[in-house]
Each structure stands twice: as C-alpha cells, then as structure tokens.
Amino acid sequence: MIVITGATGQLGRLVIDRLLALGVEPGRIVAAVRTPAKAADLAARGVVVREGDYTRPDTLTTAFADAERVLLISSNELGDRIPQHRAVVDAAKAVGVGQLVYTSVLHADHSTLGLAGEHRETEALITASGLTHVLLRNGWYVENYLAALPQALAHGAFLGSAREGRISWAARADYAHAAAAVLSQPIGPNAVFELAGDQAHTLAALAAEVARQSGKPVVYKDLPRADFQRFLLDAGLPALLAELLADSDEQAADGALFDDSGVLKRLIGRPTTTLEASVRAALSI
C-alpha cells in the first residue's frame with residue numbers, strides 16, 4: 001500500500017492523480033485524511049480512504065497498516081509542525097513502514113529561510129528513527145506568487161521584497177509528479193532530492209509575463225521587508241505566515257530559492273512547467 005497523508009490538500013490530490021495516471025491500482029493507494037468525508041470523490045475512484053490526523057496518533061497507526069511507503073506531506077500549521085510530524089514518524093516506525101517520503105524544503109540542511117528550521121528538525125527526526133526514507137526538498141511553488149494574481153491585475157502590481165533575486169520555482173504539479181515517481185518505483189535508501197524548476201526568474205519577470213498575457217499594465221514593486229510584512233498583515237494573513245513569507249522574499253534576494261541542478265526534470269522525465277504556461281493557466285481560472 002502507498003499512503004498519502006494530507007491527501008485532500010492541493011499537493012496530495014495531485015500526487016494521487018499522478019499515481020493513478022502511472023497505472024497504480026486505486027486499491028493500493030490510501031488517502032489518509034483528517035476528515036474522510038472530504039475524500040468521498042477519491043473513494044469513488046477506488047482509492048482507499050482512512051482517517052489519519054496528525055494530532056491524533058492512534059489514527060495514524062491505523063492509517064499506515066500494511067503500508068509499503070508513506071508520503072508525509074508537511075503540515076501547513078506553521079509553528080506546530082514538529083509534534084505533528086513526530087507523530088507521523090513514530091507511527092510509521094511502530095507499524096514497520098517500508099519507506100517514509102517527506103516533502104521538505106530546498107537545501108534544508110543549510111537554507112537561510114526561516115521556514116527551513118521546522119523542515120531541518122523533521123529531517124533529523126526521520127534520520128534518527130532509523131526508517132528507510134527519501135527527502136524531497138521542494139523548491140518554491142510558482143503558485144505562491146500567482147495566488148496574488150487577482151490583486152496584481154486589479155492594482156497593477158505584484159508586491160514583494162525579493163529585489164532582483166532569481167527564484168527557481170516550479171508548478172505544484174511538477175512537485176506532485178516527483179513525489180509520485182518516487183512512490184511508484186524503486187528508490188535507494190535514504191535518498192535526497194533537491195527539487196527546483198528548470199529556469200529561474202525574478203518577480204519583475206513574473207509581472208512582465210502577466211502583463212504580456214493579460215494585456216494589462218502590471219509591474220513588480222519592491223518593498224523593504226518590514227513594509228511587505230506589514231502589507232501581508234493588513235491583507236489578513238496570520239502573523240507567523242506574514243513573517244515567514246516576508247523572510248522568504250528577503251532570503252530569495254540573496255539566492256536562497258535558486259537551484260540549477262536539474263534534478264526535478266530528470267526525476268519526472270520532462271521539463272518543468274514554464275513561467276508562460278503557469279501564468280496562462282492562472283489567468284484561465
């Protein structure tokens with residue numbers, strides 16, 4: 001069995017879609033979710049749905065029964081990730097999971113990103129557990145920026161504090177395809193994959209591509225970190241998230257989100273999604 005945690009999230013659903021497209025039998029895929037009712041569509045496709053709540057360890061041991069591989073998709077509860085991830089690692093060890101796959105962050109072992117700390121600590125937990133594992137160190141998702149597309153079109157600007165930093169983003173689907181590739185084929189023990197897009201771009205380039213395709217004037221406006229963080233807070237983001245996003249932009253200015261290794265395209269067997277294609281898809285929504 002292949003177990004996907006957080007399976008009703010955006011990444012989890014894409015991973016399951018890709019596994020099915022690769023020919024993995026639905027009955028071999030387990031969607032471990034906090035609220036099984038939200039996975040009714042997956043169940044209708046033949047996927048096994050089990051309750052698996054990061055905050056309720058007993059559900060995890062049940063969800064991982066007979067698991068050959070478990071994909072631990074990192075929790076989105078910033079500041080609370082470590083106890084939740086520890087529960088997953090402990091449950092995987094308790095039931096004897098064959099391989100634990102974890103979605104970490106690019107260059108987690110030495111990244112200057114503020115959000116890398118919880119990923120480093122999780123990686124340490126996994127290593128200390130003795131479980132055979134794979135670390136998928138995902139780079140930035142282009143969707144992190146394209147989420148602000150409606151506001152950028154309305155106000156004529158993307159805001160940030162990344163200056164001219166080159167960001168090797170990829171589409172969420174690219175990272176999902178990487179996870180599915182790892183889950184569906186033999187991977188050596190304790191492998192680490194640094195995953196990022198084929199091309200690196202500045203936020204000014206993103207704004208220019210949006211302007212070109214939309215026919216509307218859109219520019220990138222760079223702000224000091226404190227001002228950008230205040231903007232995010234005023235937009236309604238939680239304080240910790242606003243702090244981490246502003247920090248990520250500031251670190252990106254110094255290369256923290258750049259990678260040109262080409263590992264992602266080799267793992268998925270195709271080029272990563274282009275900026276042009278990502279913007280076109282976002283504009284069509």
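A residue counts as partly exposed when its relative accessible area lies between the two limits that set buried, under 20%, and exposed, over 50%, apart. By this reading N190, at 42% relative accessibility, is partly exposed. The structure described here is a predicted model, and the values below are computed from it.

**Two residues with positive phi**

N190 is found in the loop between helix 8 and strand 8, and its phi is positive, about 60°, although N190 is not a glycine. A second residue other than glycine with a positive phi is D66, whose value is near 65°. D66 lies in the loop between helix 3 (57-63) and strand 4 (69-72), and because its relative accessible area is 66%, D66 falls in the exposed class.

**The surroundings of E194**

Strand 8 (residues 191-195) holds E194, which counts as buried because its relative accessibility is 16%, a value that falls under the 20% limit. Two polar partners can be named for the side chain of E194: the backbone nitrogen of H107, reached at 2.7 Å, and the side chain of R137, with which E194 makes a polar contact at 2.8 Å. When neighbours within four places in sequence are left aside, E194 is in contact with L106, H107, D109, R137, D259, S261, V263 and L264, so that H107 and R137 appear in this list as well.

**Salt bridges**

Side chains of opposite charge can pair when their charged atoms come close. The structure holds 18 salt bridges, and three of the pairs are set out in the table with the distance between their N and O atoms.

| Pair | N to O distance | Relative accessibility |
|---|---|---|
| R13 and D41 | 2.6 Å | R13 24%, D41 37% |
| D174 and R270 | 2.9 Å | D174 0%, R270 28% |
| D227 and R230 | 3.0 Å | D227 33%, R230 46% |

The salt bridge between the side chains of R13 and D41, at 2.6 Å from N to O, links distant parts of the chain, with R13 in helix 1 (residues 10-21) and D41 in helix 2 (residues 40-44), 28 residues apart. R13 counts as partly exposed at 24% relative accessibility, and D41 is likewise partly exposed, with a relative accessible area of 37%.

In the salt bridge of D174 with R270, the closest N and O atoms are 2.9 Å apart. This pair, too, links distant parts of the chain, since D174 belongs to helix 8 (residues 172-183) while R270 sits in the loop between helix 12 (263-268) and helix 13 (275-284), 96 residues apart. D174 is buried, with a relative accessible area of 0%, whereas R270 counts as partly exposed at 28%.

Where does the pair of D227 and R230 lie in the chain? Both residues are in helix 10 (residues 225-234), and because they are 3 residues apart, D227 and R230 are separated by about one helical turn. D227 is partly exposed, with a relative accessible area of 33%, and R230 also counts as partly exposed, at 46% relative accessibility. Elsewhere, salt bridges that share partners join D109, E123, R137 and E194 into one network.

That network leads back to E194: among its members, D109 and R137 are also found in the list of residues in contact with E194.

Note on methods:
Residues are numbered from 1 along each chain as its sequence is written. This is a predicted model: local features need pLDDT of at least 70, side-chain atom pairs count only at pLDDT 80 or more; totals for chains, interfaces and linings use all residues. Side-chain values use heavy atoms; hydrogens and water are left out. Helices (H or I, at least four residues) and strands (E, at least two) are DSSP runs, numbered from the N terminus. Buried means under 20% relative accessible area, exposed over 50%, partly exposed in between (1.4 Å probe, protein chains only). A polar contact is a pair of N or O atoms within 3.5 Å; within protein, one must be able to donate a hydrogen and the other to accept it, and residues adjacent in sequence count only if both atoms are side-chain atoms. Contact means heavy atoms within 4.5 Å. A salt bridge is a side-chain nitrogen of Lys or Arg within 4 Å of a carboxyl oxygen of Asp or Glu.
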